[in-house]
Amino acid sequence: MTSQAADGPETVAATRRSKITPEREREFFDAVLEQIRECGYESVTMEGVAASTRCSKSTLYRQWKTKPQFVAAALRASRRVRFAGIDTGSLAEDLRQAARAAGDWSGKDTRLLQALGHAWTADKELAEALREALVNPEIAALQEMLARGVARGEVRADHPALEYIPAMMFGVLRVRPVLSGQYADADYLARFVEATVLPALGLTQDPGRRSRDD
């Protein structure tokens, strides 16, 4: 007697997934994201990724039925919290370090955001994956920094600027390439934080720096 469970879609999917090692999957994900950065989302094809990674296109289609599903999986697998571990005991210094960290990876991530272009606004799954991979983790980390600053009494809990700090930090990453043709690197973001973010929070000079200067 044939087992229905053995022939069920979950079992078939698990069998198909088992044919690709985590290392090989990572190779596929790296390849598709790099091709998106270089050529743009619309120009990337499953066939092109298969050729660059020396596999058959049927291998990719078995694992991910469509290009949006493939790219969404690649984005989710690339999720990293780059602000993790930043906790100096000073909100101003946390924000300075976050600016430099963002500057170190802004070129790569901004290129990816730009290359995805209209696609992520047209595809809900792609948009959710993009936010999960590149936006939500960093916003959550920034909000934690701000909450620690409030808890230490560095900023009032009802300060009106608190709501807008993530938008300021991430907005400049997207806008600078449009305005000047240059990515917001670490030095630029550090100056941006000193000139706009810290004054908006009333942190033009944090207590730790005042005591060191005195």
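Student: How many Å does helix α3 reach from its first C-alpha to its last?

Tutor: Glad you started there; keep in mind that this is a predicted model. Helix α3 covers residues 22-39, which is 18 residues. At 1.5 Å a residue, the expected span is 26 Å, and the model comes close to that. From first C-alpha to last, α3 reaches 26 Å.

Student: Which residue follows α3, and what is its phi?

Tutor: Look just past the end of the helix, at Gly40. The phi of Gly40 is positive, near 95 degrees.

Student: Which residues of α3 are buried?

Tutor: Buried here means under 20% relative accessible area. In α3, that description fits Phe28, Phe29, Ala31, Val32, Leu33, Gln35, Ile36 and Arg37.

Student: How many helices and strands does the protein chain have?

Tutor: Happily, the pattern along the sequence is easy to read: α-α-α-α-α-α-α-α-α-α-α-α. The secondary structure comes to 12 helices and 0 strands.

Student: Is Glu138 buried or exposed?

Tutor: First find Glu138 in helix α9, residues 124-151. The relative accessible area of Glu138 is 0%, and the cut-off for buried is under 20%, so Glu138 is buried.

Student: Which residues is Glu138 in contact with, leaving aside neighbours within four places in sequence?

Tutor: Contact calls for heavy atoms within 4.5 Å. With those sequence neighbours set aside, the partners of Glu138 are Arg80, Val81, Arg82, Phe83, Trp105 and Phe170.

Student: What share of the exposed area of the protein chain do carbon and sulfur atoms supply?

Tutor: Start from the total, as the chain exposes about 11700 Å². Of that area, carbon and sulfur atoms supply 51%.

Key. Residues are numbered from 1 along each chain as its sequence is written. This is a predicted model: local features need pLDDT of at least 70, side-chain atom pairs count only at pLDDT 80 or more; totals for chains, interfaces and linings use all residues. Side-chain values use heavy atoms; hydrogens and water are left out. Helices (H or I, at least four residues) and strands (E, at least two) are DSSP runs, numbered from the N terminus. The expected span of a helix is 1.5 Å times one less than its number of residues. Buried means under 20% relative accessible area, exposed over 50%, partly exposed in between (1.4 Å probe, protein chains only). Accessible areas come from the Shrake-Rupley method with a 1.4 Å probe; for residues, only the protein chains shown count as cover.
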